[in-house]
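Here is my note on the model you sent round. Please read it with the coordinates open.

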Amino acid sequence: MQALMEDVKIRLTSNIVESPARSSGTPPPLMTPRHSSLVQPSQKKKRKTKALRVFRSFFRTFPIISPTTCKMGSIPLGIPDSHRTSSGTRVTGTLYGYRKGRVSLSMQETPRCLPTLVVELAMQTNVLQKEMSLGMVRIALECEKRSDKDKRRLLDETLWTLYCNGKKSGYGVKREATEEDLNVMELLKAVSMGAGVLPGNSEVEGPDGELAYMRSHFEHVVGSKDSETLYMLSPDGNNGPELSIFFVRI
């Protein structure tokens, strides 16, 4: 009996590894975290980002001078998405999950780095796919402000209230990357942008279970210590982002 169980386990594992991934890119074969080639995010970029925030905060202390002699046309308060500058940091964002399961958000410095953020959203993957097929999607993750003595970074918060296009959709929970999360990142290591399905975990979703994913470059903009945003970058650069994710303390 024990030998039979071992044989079934080996066959299930081999089926997961050998199943082809159907996507717009061609991911490498599945690898377990024990053999993962994902690298740690660089520390240099983090220090640079912190210095940039200090630089911006310094210039925000200067008064705003409005000239009265120069008459110009009205200028929009915000920069159109199609003309957004490189004021933020370019990162890799991945939304993935089983079609009838919860969708997760992963943020990486590059596709070859370990995730710096993993948030599980209380939204089914097929529901998010339907929303995105209808047009632009705005996801807001809100949490309560803390006392001034609490210096916790915004993305270090663990619990968020989730809104999708203005409608409350449950909660978002930050968590450590699981073995399955790292397997997905390993599979998509060679994919910078794309969408498709990956072979799922047969023990969880059954032999026909598939894990849907969407990966893209995002511009990570830090507005303040209580506001950060991920703007999806359009491949052609002509249209606004189809997806924006807002992290806010209120």
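The points below go through one glutamate, one covered strand and one surface patch.

1. On the status of the model. This is a predicted model, and the points that follow should be read as descriptions of that prediction.

2. On Glu186 and its burial. Glu186 is part of helix H4, which covers residues 179-187. Is Glu186 buried or exposed? Its relative accessibility is 2%, and because buried means under 20%, Glu186 counts as buried.

3. On the partners of Glu186. Which side chains make polar contacts with the side chain of Glu186? One is the side chain of Ser37, at 3.0 Å. Another is the side chain of Lys189, where the polar contact is 3.3 Å. A description of Glu186 should therefore give its burial together with the contacts to Ser37 and Lys189.

4. On strand E11. This strand takes in residues 243-249 and is mostly covered, with five of its seven residues buried. Which strands are joined to E11 by bridges? Strand E5 (residues 137-143) runs parallel to E11, and seven bridges join the two. Strand E10 (residues 227-232) runs antiparallel to E11, with five bridges between them.

5. On residue pairs along E11. Two positions help to find these pairings on the screen. For E5, Cys143 has Arg249 of E11 as its bridge partner. For E10, Ser227 is placed opposite Val248 of E11.

6. On the surface patch. Which residues form the nonpolar patch on the surface? They are Leu159, Tyr171 and Val173, and together they have about 280 Å² of accessible area. Leu159 belongs to strand E6, residues 159-164. Strand E7, residues 167-174, holds Tyr171 and Val173.

7. On the strands that carry the patch. E6 pairs with E7 in the antiparallel sense, over five bridges. Within this pairing, Tyr171 of E7 has Thr161 opposite. E6 and E7 form a hairpin, and two residues lie between them. In that turn, Asn165 has a positive phi of about 55 degrees.

8. On the pairing of E7 with E4. Strand E4 (residues 117-124) also pairs with E7 in the antiparallel sense, here over three bridges. Glu120 stands opposite Val173 of E7, and Val173 is one of the patch residues. Tyr171, also in the patch, is the residue of E7 that faces Thr161.

Definitions and conventions: Residues numbered from 1 in each chain as written. Predicted model: local features only at pLDDT ≥ 70, side-chain atom pairs only at ≥ 80, totals over all residues. Heavy atoms only, no water. Helix = DSSP H or I, 4+ residues; strand = E, 2+ residues; numbered from the N terminus. Buried < 20%, exposed > 50% of the residue type's maximum accessible area, 1.4 Å probe, protein only. Polar contact = N/O pair within 3.5 Å; in protein donor to acceptor, adjacent residues only side chain to side chain. Pairing = 2+ DSSP bridges. Patch = residues over 30% accessible without salt bridge, like charges linked within 9 Å, V, L, I, M, F, W, Y side chains within 5 Å. Areas by Shrake-Rupley, 256 points an atom, 1.4 Å probe, with all protein chains shown as cover. Salt bridge = Lys/Arg side-chain N within 4 Å of Asp/Glu carboxyl O.
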